[in-house]
Amino acid sequence: MSTVENVPFRVVDEIPMGLHMWWNDPGEVIKLYVTKALGGLTGLLKIKPRVDIIEALIPFWDPTHNVFHFSNFELTLLLEEMAGYVGLDGNLRHQYPVAPRPVTPHMFLDLLNISQQVKDGNLAKGFCTFHFLYNRYRDPRGFEAPDNGLSHQGNKNKWEARRGLAFVVAFLGSLICPRSDRHIELGLAGMADFMVKKANGTLIPMILAEIYRALTVCRAGIKFFEGCNLLLQMWLVEHLCHRPRYMNYGLTGLDCIEEYGNRINSHELPEGTEAWFAYLGFLTANQIEWTFSWLTVNEVIYMSAGVCFLLLMGLRSIQPYAPHRVLRQLGRYQTVPYDEDLSPQVIELCLKAAFPEEKVC
């Protein structure tokens, strides 16, 4: 008899080969568009997914404070750490966070210069398939194809720009905000378009909010991790790997994720979910690499003026963020944190729900 307990836990454990092929032959115009939107996130294409790490980590997640609670310490993913991975060197003060906005099928096709005559039943349900984008924009000679359903009207520069946008949408839907059915949310096209057009836009709060939400729903029993499991596993392993005391890689920039393997290659890691769970269960504060030696952070985003947390806007929810609980991760003096239950601050978003912009602002 099938039960929820018998359903295997799943993460994005296989990066689409088409995504690799698309990125390996992008052209200079696409590279400029993609780098502007994603920074160093494209390095995730070279990271090997580890489902055992994520599955073993889930039980240690505390959804009342959005932190991992181990034997005698807490740990959580921080905005500055994620910014370092992306290549922002931890500097977020002048960045504008991307906010979710509804994207209709008509808007989606228009953003990607796909003819409104193209019929796909998935669009009305709020998503498209990876191959819907791949088949139209992967081929660098696709501009000349007569039957691709695109409406670039002979403008090659316009077509190249939309190739870059389509790749960003496919990347976000495959690795950053995945679905269990591997389809791609239409709303990601609006975010990708914003990132390409706005000079100081950032995906960091959205990435963190999606990881927080995925941890919470998986803690409640959901068997698929809808956040970026690749960033989560990298973050955990780096906090577990001790390095020489004064080692400093300097500002790694866009290559930070690509250099990840070199930073951990001398450390032995457990294999398998049970081994990881046992290892994490006995973990103590003196075994943690509290601050990333390669990340130089002059300022930290700490709290809002009136309360001890911030609200991060994700694609599927809005999540409270309380870094005051783990200031030692950023090399700051650790004060006794407020012990407030933050779970009532979580706001689930859905296609027809009104966006609570006033509360977030």
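**Helices, a small sheet and salt bridges in a predicted model**

Helix α10 is mostly covered, with 12 of its 12 residues buried; buried means under 20% relative accessible area, exposed over 50%, and partly exposed in between (1.4 Å probe, protein chains only). The structure is a predicted model, in which local features need pLDDT of at least 70 and side-chain atom pairs count only at pLDDT 80 or more, while totals for chains, interfaces and linings use all residues. Residues are numbered from 1 along each chain as its sequence is written, and side-chain values use heavy atoms, with hydrogens and water left out.

The buried set of α10 includes the run L230, L231 and L232. Charged and polar residues are also among the buried ones, including N229, Q233, E238 and H239. Helix α10 covers residues 229-240. From first C-alpha to last, α10 reaches 17 Å, close to the 16 Å expected at 1.5 Å a residue. The expected span is 1.5 Å times one less than the number of residues in the helix.

Helix α7 spans residues 156-176 and has 21 residues. Its end-to-end C-alpha reach is 29 Å, close to the expected 30 Å. Helix α7 is mostly covered too, with 18 of its 21 residues buried. N157 lies in this helix. N157 is exposed, at a relative accessible area of 63%. The C-alpha atoms of N157 and V29 are separated by 8.5 Å. Along the chain, N157 and V29 are 128 residues apart.

The protein chain as a whole has 13 helices and 10 strands. Helices (H or I, at least four residues) and strands (E, at least two) are DSSP runs, numbered from the N terminus. Of the 361 residues in the chain, 55% are buried. The chain exposes about 16,800 Å², and carbon and sulfur atoms supply 53% of that area. Accessible areas come from the Shrake-Rupley method with a 1.4 Å probe; for residues, only the protein chains shown count as cover. Among contacts between residues at least 6 apart in sequence, 77% join residues at least 24 apart. Contact means heavy atoms within 4.5 Å.

An open sheet of 3 strands has the order β1-β2-β3, with antiparallel pairing. β1 (61-62) and β3 (74-75) stand at the edges with a single partner strand each, so one side of each lacks a neighbour in the sheet. Two strands pair if DSSP finds at least two bridges between them. Strand β2 (residues 67-69) is joined to β3 by 2 bridges. One bridge partner pair is H69 and E74, the latter in β3.

The salt-bridge count comes to 14. A salt bridge is a side-chain nitrogen of Lys or Arg within 4 Å of a carboxyl oxygen of Asp or Glu. E258 and K46 form one of these, at 3.6 Å from N to O. E258 lies in the loop between α10 and α11 (260-264), and K46 in the loop between α2 (28-38) and α3 (51-57), so the pair ties together parts that are 212 residues apart in sequence. E258 counts as partly exposed, at 42% relative accessibility. K46 is exposed, at 64%.

A further salt bridge joins E348 and R213 at 3.1 Å, N to O. E348 lies in strand β10 (residues 347-348) and R213 in helix α9 (residues 204-219), so this pair ties together parts that are 135 residues apart in sequence. E348 is partly exposed at 44% relative accessibility, whereas R213 is buried at 14%. Both residues belong to a network of salt bridges, which also links R179, D181, E185, E210, E226 and R316.

R50 and D52 form a salt bridge at 2.9 Å, N to O. Both R50 and D52 are buried. R50 is found in the loop between α2 and α3. Its relative accessible area is 16%. The side chain of R50 also reaches the backbone oxygen of P270 at 3.0 Å. Leaving aside neighbours within four places in sequence, R50 is in contact with Q233, P270, E271 and W276. Of these partners, Q233 is one of the buried residues of α10.

Notes: Polar contact = N/O pair within 3.5 Å; in protein donor to acceptor, adjacent residues only side chain to side chain.
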